[in-house]
Amino acid sequence: MIDWSSCPAVERDPERVSGAWVFRGTRVPVAALFGNLEDGAQVSQFVEWFPDVSLEQVRAVFEHAARSALAAA
């Protein structure tokens, strides 16, 4: 499980989206990114479908996830 608390691109508020981690300043769950990618979407499509999420935020999420995976290895 990834600890998103140190990723600047995301935030969590128990009052919004059932407390899920979302892209900062949006209601788009981080899980939506990974779910869409698993379903075959491309990053460019994701940011097109969710225009409030920036490509920089997506990159920061990927970098944080990669660092977390390396730390767990």
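**Exercise 1. The ring cluster**

Task: In this predicted model, find which residues ring pairs link into a cluster with Trp 4.

Solution: Start at Trp 4. Ring pairs link Trp 4, Phe 34 and Phe 62 into a cluster. Now widen the search. Over the whole structure, 4 aromatic pairs are found.

**Exercise 2. Phe 23 and Phe 46**

Task: Classify the aromatic pair of Phe 23 and Phe 46 as stacked, tilted or edge-to-face, and state what the pair ties together.

Solution:
- Step 1, distance. The ring centres of Phe 23 and Phe 46 are 6.1 Å apart. The cut-off for a pair is within 6.5 Å.
- Step 2, angle. The planes of Phe 23 and Phe 46 stand at 50°. Under 30 degrees would be stacked and over 60 edge-to-face, so this pair is tilted.
- Step 3, location. Phe 23 sits in strand β2 (residues 22-23), Phe 46 in helix α2 (residues 43-49). The pair therefore ties together parts 23 residues apart in sequence.
- Step 4, burial. Phe 23 is buried, at 0% relative accessible area. Phe 46 is also buried, at 0%.

**Exercise 3. From Phe 46 to Phe 50**

Task: Describe the ring pair of Phe 46 and Phe 50, and assign Phe 50 as buried, partly exposed or exposed.

Solution: The centres of Phe 46 and Phe 50 lie 4.7 Å apart, with planes at 40°, so the pair is tilted. Next, accessibility. Phe 50 has a relative accessible area of 27%, so Phe 50 is partly exposed.

**Exercise 4. Ser 44**

Task: Place Ser 44 in its helix and give its C-alpha separation from Glu 56.

Solution: Ser 44 belongs to helix α2. Ser 44 is partly exposed, with 46% relative accessible area. Glu 56 is 12 residues away along the chain, and the C-alpha atoms of Ser 44 and Glu 56 are 12 Å apart.

Key
Residues numbered from 1 in each chain as written. Predicted model: local features only at pLDDT ≥ 70, side-chain atom pairs only at ≥ 80, totals over all residues. Heavy atoms only, no water. Phe/Tyr/Trp six-rings, centres within 6.5 Å; stacked < 30°, edge-to-face > 60°. Helix = DSSP H or I, 4+ residues; strand = E, 2+ residues; numbered from the N terminus. Buried < 20%, exposed > 50% of the residue type's maximum accessible area, 1.4 Å probe, protein only.
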